[in-house]
Amino acid sequence: MVHVRDKHWADEIADEILATGRGPHEISTGISPSGEIHIGNLREVITADVVHQVLKERGIEVTLDYVADNFDPLRKVYPFLDAAVYSSHIGKPLSEIPCPCGGHSSYAAHFLEPFLSSLERLRIHVKVYYADQMYKSGMLVPQIVQALRGRDAIARILHECTGRKVEPEWSPFNPICGTCGRMTDTLVKGFSEKAATVDYTCSCGGRGTVSMKGGGKLTWRVDWPARWARIPVTIEPFGKDHATRGGSYDTGALICREVFKAPPPFPVTYEWISFKGMGDMKKSKGNVLSVHRMLEVLPPEVLRYLIVKTQPMRAISFDPGLPLLSLMDEFDDAASQSRDPRALKLAGADQFTPIGVPFRHLVNVVQMADFDLEQVIVILRRNKYPVPDPAAVKERAGYAIRWLREFAPDDLKFSVQRALPPAARALDAAQRAFLSRLAGSLRPGMSGEEIHALIYEIAKQVGMEKTTAAFEAIYQAFLGQPKGPRAGWFLAFLEHDFVVERLREAGKAAAA
Ligand SMILES: [Zn+2]
Ligand SMILES: [Zn+2]
C-alpha cells in the first residue's frame, strides 16, 4: 500500500518542534567559509528557511541566523589556492588571512560575500553572526570560562562518546600564537578567570598570554554547543556526518547540558546533495558548483524547489546538464497547474511567472534567435505562442543562454549559419532532390508536426532508404553539422522565406 503523506516535511518538523514546548525559537545555520560555498551547503539554509517560514505562519516567535565560522583556522592549502602564498597561513583564522583575489577584506569575506548576496536572491533573510566578532566582542567569554573549568568533564564526554583518547595536555580552547599567528599548535598552560586570559606555549617556540576576547577559539566540538548555549539556539539543521553515533551533535548535546547548563537544540538532519558523476559534493573540493553560479542558470524559486520537494533525509542527486532542463520544466508545470501547492509555496512560487514555453524548447529558440532576446519573442509569436509577458520570457531566455554556455552538452548546441555551410555541398543527389522538393512543398504557417510528416513523405517519394539521410541533409543545410534539434519544429520556428530559399540553394549546390 502506498503511504500518502498528507503533510509537507517542514510542517511535520514544526509539529515536533512545537511539541518540545521551548520558545521563543532561534534556528541556527552555519558554514565555514573555507572555500566556495556550493549548492550542497544550500540544503542547510533552505531547510532552515522553510522551517522558519512554517513556524512564522503559525504565529511563533522565531529568528533565523547564519553563523559565518570565519574564525576557523585554514586547514590546508586547497587545490584552488596558490601554495606559495597560503602554505604560511595554515592554522591561522580565516578572518585574519588575505583574500585570494585581493578585492575582499579577508579570505573568509572572499567566499562569504557572494554567498550572502545569493541568500538575498533566494529571499532567505538571516541574522548573520560573524564568529570572529563573537569572539572578539567577548560574547563567548562566559562559555570559554565554563569550558576551561569543565575541561575534564568535556574530555570524559569526548572519550566516552567517540572512544578516542584525549591527550593529558588537551584543552577545549586553542590560543592564537602571538609569534606565528597559528592556533593549531598551541598548548594551554593556565588561565585567569578574573583577567579573562589564557597562558600558552606554541610549537614554534612562542609563548605568552592571550585574551579570552579574540585571543583564541574553542575547538569545534565545544564551539558548537557554546553557541547553542550563548545565542541560545533551539533548532539546528546539520548534515548527516554530524548526526552519527558519537558525532559532534551527540557530544555537543552532552557538553551543552553538563558544561554550559543549557538544553541542546532540536536537531534537523539532512542528507547530502550529490553531484551526478562527481560523488558527494562536500566542501574542500576545487570543482564545486557555487551557489551564485547556480543562480545564473536557475531562478531562485527552482533552486529552492529542488530542496523543498525532497524529504531532508533523502539524498538529492543534482546534475546541471540535461536533468536541469527537466527540473526547470517540472517546476514550471507544477506552478502553472498549481500541483504540489505546499512545496510550491515554500519554494516561493508566488514570485515565479510560468511562461508557457518549455525550457528545453526555449534552449533551442534562443539558439535559433542567435541569442537575440527580441528575436526570441518574434520566433515564439510566429509559432503561435501568445507570450503575454515578454519580460518574463526574456528573463527565462537569459537563464537558457547562460545554461547553454555553462552546462549544456555539446550535442545540444547549434548555430543557424547565415550562408550555406560548405558541408552542404557534399550532400548526395538523393539528399539534394529531397531538399528541393521540400522547398516546393512547405507553406507558410505549417506546424512542426505537419513539417515533420512532410519530411517523411518526401524522403519516401525521392526513394531514400533511410530518413536519417533526409534529416542530415536539413541539418547540414542550416547548421553545417549532421545533427540538430527536431527537424520539423526547427524548420517551423525559422522564418518561412529564409527556409525555402536555403533549401533551394542547398538542393542545387553540388560539390565543384
Ligand atoms: Zn577576494
Ligand atoms: Zn607559534
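Visitor: Which residues coordinate the zinc ion (ligand 2), and at what distances?
Guide: This is a predicted model, in which local features need pLDDT of at least 70, side-chain atom pairs count only at pLDDT 80 or more, and totals for chains, interfaces and linings use all residues. Residues are numbered from 1 along each chain as its sequence is written, chains are lettered from A and ligands numbered from 1 in the order in which they are written, and side-chain values use heavy atoms, without hydrogens or water. Donors are N, O and S atoms within 2.8 Å of the metal (3.2 Å for Na, K and Ca), and sites may look incomplete because water is not among the atoms. For the zinc ion (ligand 2), the coordinating SG atoms belong to C177, C180, C202 and C204, at 2.2 to 2.3 Å.

Visitor: What arrangement do the four donor atoms around the zinc ion (ligand 2) make, and why?
Guide: Four donors count as tetrahedral if all angles lie between 85 and 135 degrees; four are square planar and six octahedral if opposite donors are over 155 degrees apart and all others between 65 and 115, and anything else is irregular. The ideal angle for four tetrahedral donors is 109.5 degrees. Because the angles at the zinc ion (ligand 2) are 104 to 116°, the arrangement is tetrahedral.

Visitor: What spacing do the donors of the zinc ion (ligand 2) follow along the chain?
Guide: The donors are C177, C180, C202 and C204. Written with x for the residues in between, their spacing is C-x2-C-x21-C-x1-C.

Visitor: Is C202 buried or exposed?
Guide: Buried means under 20% relative accessible area, exposed over 50%, and partly exposed in between (1.4 Å probe, protein chains only). C204, another donor to this zinc ion, is partly exposed at 36%. C202 has a relative accessible area of 10%, so C202 is buried.

Visitor: Which protein atoms are the donors of the zinc ion (ligand 1)?
Guide: The donors lie 2.0 to 2.3 Å from the ion. The angles among the four donor atoms are 101 to 122°, and the site is tetrahedral. Along the sequence the donor residues are spaced C-x1-C-x2-H-x5-H. The atoms are SG of C99, SG of C101, ND1 of H104 and ND1 of H110.

Visitor: What is the relative accessible area of H110?
Guide: H104, which also binds the zinc ion (ligand 1), is partly exposed with a relative accessible area of 25%. H110 counts as buried, because its relative accessible area is 17%.

Visitor: Which residues does H110 touch, not counting those up to four places away in sequence?
Guide: H110 is part of helix α4 (helices are DSSP runs of H or I, at least four residues, and strands are runs of E, at least two, numbered from the N terminus). The C-alpha atom of H110 is 8.7 Å from that of G35, although the two residues are 75 residues apart along the chain. With contact meaning heavy atoms within 4.5 Å, H110 touches C99, P100, C101 and H104.

Visitor: Which backbone nitrogen does the side chain of S106 reach?
Guide: S106 sits in the loop between α3 (83-86) and α4, and it is buried at 8% relative accessibility. Its contacts beyond four places in sequence are L94, S95, I97, P98 and C99. At a distance of 3.1 Å, the side chain reaches the backbone nitrogen of A109.

Visitor: Where is P24 found?
Guide: The peptide bond from G23 to P24 is cis, with omega near -5°. P24 is in the loop between α1 (9-19) and β1 (25-31).

Visitor: Which residue does a cis peptide bond join to P232?
Guide: P232 lies in the loop between α8 (220-230) and β9 (235-239). Omega of this cis bond is about -15°, and the residue joined to P232 is I231.

Visitor: What is the phi of V387?
Guide: V387 belongs to the loop between α15 (373-382) and α16 (390-406), and it is buried at 4% relative accessibility. V387 is not a glycine, yet its phi is positive, at about 45°.

Visitor: What is the radius of gyration of the chain?
Guide: The chain has 21 helices and 13 strands. Its radius of gyration is well over the 24 Å that the globule rule gives for 512 residues, so the chain is more spread out than a compact globule. The radius is taken over C-alpha atoms, and the rule is 2.2 Å times the number of residues to the power 0.38. For this chain the radius of gyration is 30 Å.

Conventions. A polar contact is a pair of N or O atoms within 3.5 Å; within protein, one must be able to donate a hydrogen and the other to accept it, and residues adjacent in sequence count only if both atoms are side-chain atoms.
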